[in-house]
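Hi,

Here is the structure I said I would pass on. Have a look at it first, and then read on for what turned up.

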Amino acid sequence: MSNSSSKSSEGFSNGLTSSDVDVVVVGAGFAGMYMLHRLRMCGYSVRVFEAGTDVGGTWYWNRYPGARCDVESLEYSYSFDADLEQDWEWTERYSSQPEILAYAKHVADRFDLRSDISFETRVETADFDESTNSWRIQTSDGGATVSRFFVMATGCLSSTTLPDIPGIEDFEGTTIHTGQWPKEGVQLKDKRVAIIGTGSSGVQAIPVLAEECKELTVFQRTPQYTIPARNEPLETARQVDVKSRYREFREANFAMPQALGSEIPKFNDSIHDVSEEERLRRFENAWERGGTLFMSSFNDVLVDESANEYAQDFVREKISEIVEDPEVAAKLTPEHIIGCKRLVIDTDYFATFNRPNVQLVDVSGDPIQEITSSGLATQEKDFEFDVLIFATGFDAMTGSILRVAITGRDGLTIQEKWSAGPRTYLGLTVPGFPNMFAISGPGSPSVLTNMIISIEQHVEWISDCIRWLDTKGASTIEALPAAEDDWVDHVNAKAERTLFPGCNSWYLGANVPGKTRVFMPLLGFPGYVRRCNQVAENDYEGFVVQ
Ligand code: NA7
């Protein structure tokens with residue numbers, strides 16, 4: 001362990017002879033920032049590489065109009081530092097992207113993080129050297145860094161995807177992906193704007209774009225179930241109250257399946273066991289309250305298709321009430337299972353289609369054939385516009401890991417290892433890749449939870465593991481193939497007990513052509529934390545430590 005960020009060339013007791021830093025971390029979003037801070041507190045030297053010009057990760061890149069978190073602000077924040085919790089003031093129930101980015105910057109200033117972060121620098125290759133038990137990391141600036149440990153903190157939704165439609169480069173207007181929105185903003189006033197995609201990004205952006213631009217054309221392939229967010233200014237009394245008992249509030253949330261929402265009424269009964277009146281009452285309450293926990297109104301909405309149908313019907317009825325033109329309402333009405341694609345929360349999404357300057361184009365039966373110099377063409381019709389926005393999502397959970405050429409033991413690359421889908425032990429480690437960790441990797445609860453809380457749990461587990469290795473004088477830790485097999489079975493078994501595998505979601509990689517269909521996140525935060533703790537208590541069972 002070295003005690004500064006400078007290069008250490010002294011020998012290590014574990015046989016390592018030279019290392020620039022103890023740990024290289026990729027990404028300076030919430031995961032990379034806390035990993036850096038935590039490792040520093042433990043006395044390790046760290047170098048973080050970040051492609052952006054500043055911290056913030058997802059919240060640095062996703063600057064599209066309307067971008068907002070779907071977890072409440074008092075919960076979507078670091079819990080590791082009581083003073084930080086007390087000092088930062090949130091202004092809305094759900095924070096907007098600018099406010100979350102300001103928070104990330106505040107954290108970077110407060111803990112002086114930037115001095116160990118190389119910005120505008122991409123990690124291109126990472127090779128494990130078996131002779132020195134170290135990682136050699138090559139970066140886009142031509143530099144190379146040697147480290148004992150290598151942590152991918154690259155986020156679950158960072159690698160943007162464009163649809164495979166010919167002609168994208170031919171469009172002569174402005175083309176933007178929501179996940180790479182320009183920092184300087186985009187002038188939309190008096191512009192004819194088109195948007196492809198009605199996932200969370202599209203649903204958040206569409207109402208705001210409609211207010212800003214002259215005409216908005218929405219190209220929708222799959223209609224979306226969305227629940228009102230009911231975003232509002234955060235009442236001072238609520239903030240003061242939570243801050244007066246923040247530890248207790250956090251502990252209660254840690255015990256929830258998604259690490260959030262402990263103060264939302266919980267129901268553990270089947271939808272089939274209540275009267276129609278009670279069913280509607282609960283859904284109505286959840287609709288009025290707003291937020292993703294609409295799905296927790298009964299215990300079987302996400303596990304039993306006939307239970308799920310009641311929830312579908314309820315939202316379909318709401319769409320028909322809000323949208324004035326019955327033909328438009330019909331196009332906006334989904335038929336699939338509710339919640340198996342990530343449930344979206346919105347502000348005025350369906351009502352936006354009542355505006356005269358908004359046009360909905362259903363491309364499910366008449367797909368987009370090509371992008372042209374002035375717009376796009378479906379088989380049946382041509383459309384013209386000035387700005388084309390792709391809200392077409394991400395190569396989720398694995399995209400940013402696979403983008404780096406990572407080579408582990410015996411020349412095995414991560415691309416080969418995951419050629420039939422991602423496989424991990426605990427969502428944290430991969431056999432064949434010693435001393436490498438992924439924060440919120442596939443096989444961990446990650447995107448099915450309050451991400452910041454999942455990130456903190458991973459960061460603390462990784463730093464405890466590194467400290468434990470040093471206490472033992474060990475140089476490597478590597479997951480065993482049998483532990484990986486059991487873990488993959490466990491993640492699959494949990495998903496198969498639900499309706500999640502039943503539709504084409506990014507959770508399954510179904511939005512990326514050719515990607516192997518695997519349900520990537522693990523359901524259930526508290527059980528996962530218990531398992532990670534147990535592994536550590538049992539001297540890192542499932543790993544080879546040398
Ligand atoms: P999503 O949720 O993956 O949504 C992408 C959208 O783009 C979705 O509506 C897709 O339709 C649509 N899409 C993709 N390709 C096409 C083509 N070729 N034609 C028409 N429409 C297309 O990404 P988001 O960025 O909205 O959200 C990702 C997560 O980020 C979100 O869940 C939050 O956790 C934050 P499809 O449904 O595939 O038919």
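Let's begin at the ligand. One of its oxygen atoms sits 2.9 Å from a backbone N or O atom of Ser200. Keep in mind as you click around that this is a predicted model. Gly199 makes a similar kind of contact, with a polar backbone atom 3.3 Å from an oxygen atom of the ligand. With Thr222 the side chain is involved: an N or O atom there is 2.4 Å from a ligand oxygen. As for cover, the ligand on its own would expose 780 Å², and the protein buries 84% of that.

Who else is around the ligand? The shell has 18 residues, and those that come nearest are Ser200, Ser201, Arg221, Thr222 and Lys341. Sorted by class, the shell holds eight polar, seven nonpolar and three charged residues.

Now for the salt bridges. Side chains of opposite charge can pair when their charged atoms come close. Searching the whole structure turns up 35 salt bridges. Here are some to look at.

Start with Arg38 and Asp464, whose side chains meet at 3.5 Å, N to O. Arg38 belongs to helix α1 (residues 30-41) and Asp464 to helix α14 (residues 451-472), so this salt bridge ties together parts that are 426 residues apart in sequence. Asp464 counts as partly exposed, at 33% relative accessibility.

Helix α14 comes up again with Asp470, which forms a salt bridge with Arg148 (2.6 Å, N to O). That pair links distant parts of the chain too: Arg148 is in strand β6 (residues 144-152), and the two residues are 322 apart. Is each partner buried or exposed? Arg148 is buried, with a relative accessible area of 2%, because anything under 20% counts as buried. Asp470 has 22% and is partly exposed.

The next pair is Arg423 with Asp485, again a salt bridge between side chains, at 2.6 Å, N to O. Arg423 lies in the loop between α13 (414-417) and β18 (436-438), while Asp485 is in helix α15 (residues 481-496), 62 residues apart. Both count as partly exposed: Arg423 at 27% relative accessibility and Asp485 at 34%.

Last, there is a group to pick out. Which residues are joined into one network by salt bridges that share partners? They are Arg238, Asp241, Arg245 and Glu263.

Cheers

How values were computed. Residues numbered from 1 in each chain as written. Predicted model: local features only at pLDDT ≥ 70, side-chain atom pairs only at ≥ 80, totals over all residues. Heavy atoms only, no water. Near = heavy atom within 4 Å. Polar contact = N/O pair within 3.5 Å; in protein donor to acceptor, adjacent residues only side chain to side chain. Areas by Shrake-Rupley, 256 points an atom, 1.4 Å probe, with all protein chains shown as cover. Nonpolar A, V, L, I, M, F, W, Y, C, P; charged D, E, K, R; others polar. Salt bridge = Lys/Arg side-chain N within 4 Å of Asp/Glu carboxyl O. Helix = DSSP H or I, 4+ residues; strand = E, 2+ residues; numbered from the N terminus. Buried < 20%, exposed > 50% of the residue type's maximum accessible area, 1.4 Å probe, protein only.
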